[in-house]
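Let's work through a few short exercises on a protein chain together. Keep the structure in view and try each task before you read its solution.

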Amino acid sequence: MLTAQQLRAARALLGIDQCALAEAAGLSRATIRRMEASDGVIRGQVASLTKLVLALDAGGVELIDDGRPSAGAGRGVRLKTRG
């Protein structure tokens with residue numbers, strides 16, 4: 001599950017605006033704007049969410065869900081190490 005907060009943070013880590021993320025994911029800017037304006041977990045079509053997650057992953061962002069190993073606790077995002 002992806003939250004609006006995670007999406008905004010991931011985009012900030014990549015240093016891109018909504019238009020650039022929309023283009024990378026093959027989605028409209030309106031879709032990205034709506035997802036970021038959500039309260040909590042993003043709801044949407046599975047295909048759109050999949051495209052979004054794949055674009056973030058390709059950009060180098062790792063999404064951290066509850067219960068996933070990380071340095072801290074809870075949800076968040078982090079940049080993947082390049083190697």
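**Exercise 1. Describe the order of the elements along the chain.**

Solution. Start at the N terminus and walk along the chain: the elements run α-α-α-α-β-β. Counting them up gives four helices and two strands. Keep in mind that this is a predicted model.

**Exercise 2. Decide whether Thr3 is buried or exposed.**

Solution. First, find the residue: Thr3 sits in the segment before helix H1, which covers 4-14. Next, take its relative accessible area, which is 7%. Buried means under 20%, so Thr3 is buried. Finally, look for a partner from elsewhere in the sequence: Gly40 is 37 residues away along the chain, yet the two C-alpha atoms are separated by 5.1 Å.

**Exercise 3. Do the same for Thr50: is it buried, partly exposed or exposed?**

Solution. Thr50 is found in helix H4. Its relative accessibility is 38%. The partly exposed class lies between 20% and 50%, so Thr50 counts as partly exposed. From its C-alpha to that of Ala25 the distance is 8.9 Å, with their positions 25 residues apart in sequence.

**Exercise 4. Work out how helices H2 and H4 are arranged.**

Solution. Two packed helices are described by the angle between their axes and the distance between those axes. For H2 (residues 18-25) and H4 (residues 46-59), the axes come within 8 Å and cross at roughly 105°. Angles of 65 to 115 degrees count as roughly perpendicular, so H2 is roughly perpendicular to H4. Now look at who meets whom: Leu21, Ala24 and Ala25 of H2 meet Lys51, Leu52, Ala55 and Leu56 of H4. Sorted by class, this contact has six nonpolar, no polar and one charged residues.

**Exercise 5. Which residues touch the most other members of the largest nonpolar core?**

Solution. The core has 16 residues, and the ones to pick out are Leu7, Leu21, Ile32, Ile42, Leu52 and Leu56. Then ask which elements build this core: H1, H2, helix H3 (29-36), H4 and strand S1 (61-64) each give two or more residues. Take Leu21 as your example. Beyond its neighbours within four places in sequence, Leu21 is in contact with Leu7, Arg11, Ile16, Ile32, Leu52, Ala55 and Leu56.

**Exercise 6. What share of the chain's residues is buried?**

Solution. The chain has 83 residues, and 31% of them are buried. For the outside, about 5,100 Å² is exposed, and carbon and sulfur atoms supply 54% of that area.

Notes:
Residues are numbered from 1 along each chain as its sequence is written. This is a predicted model: local features need pLDDT of at least 70, side-chain atom pairs count only at pLDDT 80 or more; totals for chains, interfaces and linings use all residues. Side-chain values use heavy atoms; hydrogens and water are left out. Buried means under 20% relative accessible area, exposed over 50%, partly exposed in between (1.4 Å probe, protein chains only). Accessible areas come from the Shrake-Rupley method with a 1.4 Å probe; for residues, only the protein chains shown count as cover. Axes are lines fitted to C-alpha atoms, for helices over the stretch in contact, and angles run from 0 to 180 degrees between N-to-C directions. Angles under 35 degrees count as roughly parallel, over 145 as roughly antiparallel, 65 to 115 as roughly perpendicular and the rest as oblique. Contact means heavy atoms within 4.5 Å. Ala, Val, Leu, Ile, Met, Phe, Trp, Tyr, Cys and Pro count as nonpolar, Asp, Glu, Lys and Arg as charged, and the others, Gly among them, as polar. A nonpolar core is a set of buried Ala, Val, Leu, Ile, Met, Phe, Trp, Tyr and Cys residues joined through side-chain atoms within 4.5 Å.
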